[in-house]
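Visitor: Please give me a close look at one part of this model, contact by contact. Then carry on to other local details.

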Amino acid sequence: MTLYNSTCELAGTWRTLGISPYGLTYFTPLPTTIRKPKLRRTVMRVTRILGVFTAAHASAGTAFAQMVERGNASLAFQVVSGGNDNYFLRDGLTSAQLLLTSANDTTITARRLVVALPAGNSGAVTYFLPKDETGRLGVTVVEGSVRSATGDHFSVGVQADLVFDGNATMGTTVIGAVRAMRDYVEGNVLHEIFNYAVASFNETTLRLHRQWINTTSPTSSAYKGADLYLSVPSGSPARLGVTPGNNAPTIDILVPAGGQDGRVTVAVMTNETSLPGLDTQRLFLPESMSGSQALQTALKGLANGQSEAAKQVSFLTYSDKFTAGGWRFLTYFGRDSLIALRLLMPILTSEAIEAALGAVIERTNATGALCHEETIGIDLGNQPFYDYKMIDTDLLLLPAISHYLLELPQGAGRAHQFLSQNATLQNGTYAEILNRTIHYNLARATPFARSPTFSNLLARRPGEPVGNWCDSDAGLAFGVYPFDVNAALVPASLRATEALLAAGLLDFAGFIASDAHAVGGVASVWEERAAGLFEVVVSARDAEARLENFVREAGLDGALRGEGGRGADVDADVSFYALSLKEDGEPVEVLNSDLGFNLAYGANVSRVFLRRVVEALQPYPRGLLTDVGMVVANPAYASNTSLIHVLDRAAYHGTVIWSFQQGLMAAGLARQLGFCEASSKDASVDTNPAPSPPPEWCSDAAFVQALRDAQTRLWASIRGASDEIFSEVWSYSFDNATGAFGVASLSSLSSTEADAVQLWSYGFLGLVDPGRGNGNGATLT
């Protein structure tokens, strides 16, 4: 294979090449001081492929890949979502997701194929375009054809047979890093450095090769990389037409006229290391597990794999880490792992829980900050890179550890063995590494405890446009101090530290017994003062005027404001907690669902805060609840009317529905009500010991009923889009003629699409739907 290229030196960092690693700063490997010697990086020669393709011909009998038939896959299932058919496979060779535009989607002419492999977070995306004048093309996956494939240089991956009902041309193709694939799909950005070469072809076979920049074998031009193969199986009338070009080849799939469909086998492979998965038996507790009636109901069909949802969670979980979602996030994300863990933990085995916790601890940096995202396989050789720019991930670990070791039966007696475990990605035990995070979080929290002003809150890191789960500048409506981080997660992390200290489990951290009280004192200041800095009060008159304008701008029906039987107190001021604070401390006036973090993680949630929850869980647009789910942001009351369009129903973090946020809110409400309703204990999947004494509002029957009513409204909203419950995010449509909301895929409104399976959305498996007795989230579908 001849490559037209130039070469350059890669001296240990992306910045040496003068390219941005996809906008991810704090994008560094573990500090040298804590990396094990075998992980040290070396200067390597790299090949930069500039988009010039070769004309290397192969004979008709050339074998491009070894297509293999396997026995029964340990996991094989299909999910239809967002106008796409998704096929998932995991067996003894590989894990893979294959996505193809659904045949019944007639809104677009191109048929997109995506293959994503957790191994190296690698894969390929390509578009099949109609070549004929009809302007239409049908491409379908042959049932039962999705299976493992192996190739040269120990490559493994997935293959499937595609049937074309007409002539097609391959459009833009990206091979290699899933991040590069996402950049093109969502932003039409092509990275020259990630182009491929035509390795060989003839009329029945084609190999497109993507060589890793940091090949681990400098003497072999093909050792580390990814490949996309097309081949015509025996008996198929289809043929391939390949014409090399200066910038890109022309690749045609040719099907004879006369209505005879052409079958072509596509395979995508990489020789990155495949990950050992957690099967459902290792992942979920057995049905025989003792516990509440709700827990036993929740566990039905999980460990034995009868539940489709259980299989989907299993696909996303591995013995050394959990992945966030498919196809776009089949790699480690710390925040996603920890939030998913908090919701799923009651139904998981200790092995699964410790795999997720251990993955987070392993990737801690020298300061104690926790990794947001692990980037692997994008030509990085054997050295992954870690991103530490988020400020919320650091605060989620201690609450998860505390809940596991101190409250759940799975964690009983596990503390010493787990914390004394030696890390594999760096030197030290888990206890020694965790020590850094404990002190790091305390150091960040102390200034506010001494002087509780907005300037001592936790802000986004300098120069960073992101900081919490709303991972965009627009997602926080351009604020710098996120509400969830400061009002919920900082005090939750401190309370978890206090509890672990009081239990004697942090003796390695240099504390004494009395320090638990001191840490609790810091937490109290945050609990009492932080949320108030985000308080927004809009006069009744202004609220109605702003709401009227929002309804008009959003294309909604005026009846949603309160007329037409929905009802609302239009004479009362509107109060809520801001999504964020601006740099000068001014609240960003966006009603939001991040209240759920306080409910799920908070130790001392006040009556005032809970009243804000009740008010937020009202019908949209006055509140957050539509007929198809709870929106995460509502700018209806914002004085800055530009936010109506910044956070609209097409925005990734706008007036859209994120399933995990609904799960947090539902779990949090159940947790808070459980603190004062002894009868609810048997209806709870989770174990949440009640504080002593109970919260003061527990004695107010009318107030508790208001919370129950809010819970009922929330679940009615959740049930309205039960088919979407395990996907990542969706939007709404609104029919002004009927006044009804419907589900709209985000990809139909913007260039951003949603994952068909998203780890933290499966938190509903550990929740009880109070309107359906002792069922759990799985019964929604």
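Guide: A helix contact comes first, then a loop residue, then a sheet.

This is a predicted model, in which local features need pLDDT of at least 70, side-chain atom pairs count only at pLDDT 80 or more, and totals for chains, interfaces and linings use all residues. Residues are numbered from 1 along each chain as its sequence is written, and side-chain values use heavy atoms, leaving out hydrogens and water.

Helices (H or I, at least four residues) and strands (E, at least two) are DSSP runs, numbered from the N terminus. Helix H7 (residues 397-406) packs on helix H9 (residues 430-450) at an angle of about 120°, and their axes are 11 Å apart. That makes H7 oblique to H9. Angles under 35 degrees count as roughly parallel, over 145 as roughly antiparallel, 65 to 115 as roughly perpendicular, the rest as oblique. Axes are lines fitted to C-alpha atoms, for helices over the stretch in contact, and angles run from 0 to 180 degrees between N-to-C directions.

From H7, Leu397, Leu398 and Ile401 meet Leu434, Thr437 and Ile438 of H9. Contact means heavy atoms within 4.5 Å.

Now the loop. Glutamate 589 lies between strand E28 (580-581) and strand E29 (591-592). Leaving out residues up to four places away in sequence, glutamate 589 touches residues including Arg546, Phe576 and Tyr637.

Last, the sheet. Its 3 strands form an open sheet in the order E33-E34-E35, with antiparallel pairing. Strands pair if DSSP finds at least two bridges between them. E33 (657-658) and E35 (740-744) stand at the edges, each with a single partner strand, so one side of each has no neighbour in the sheet. Isoleucine 657 has tryptophan 730 in E34 as its bridge partner.
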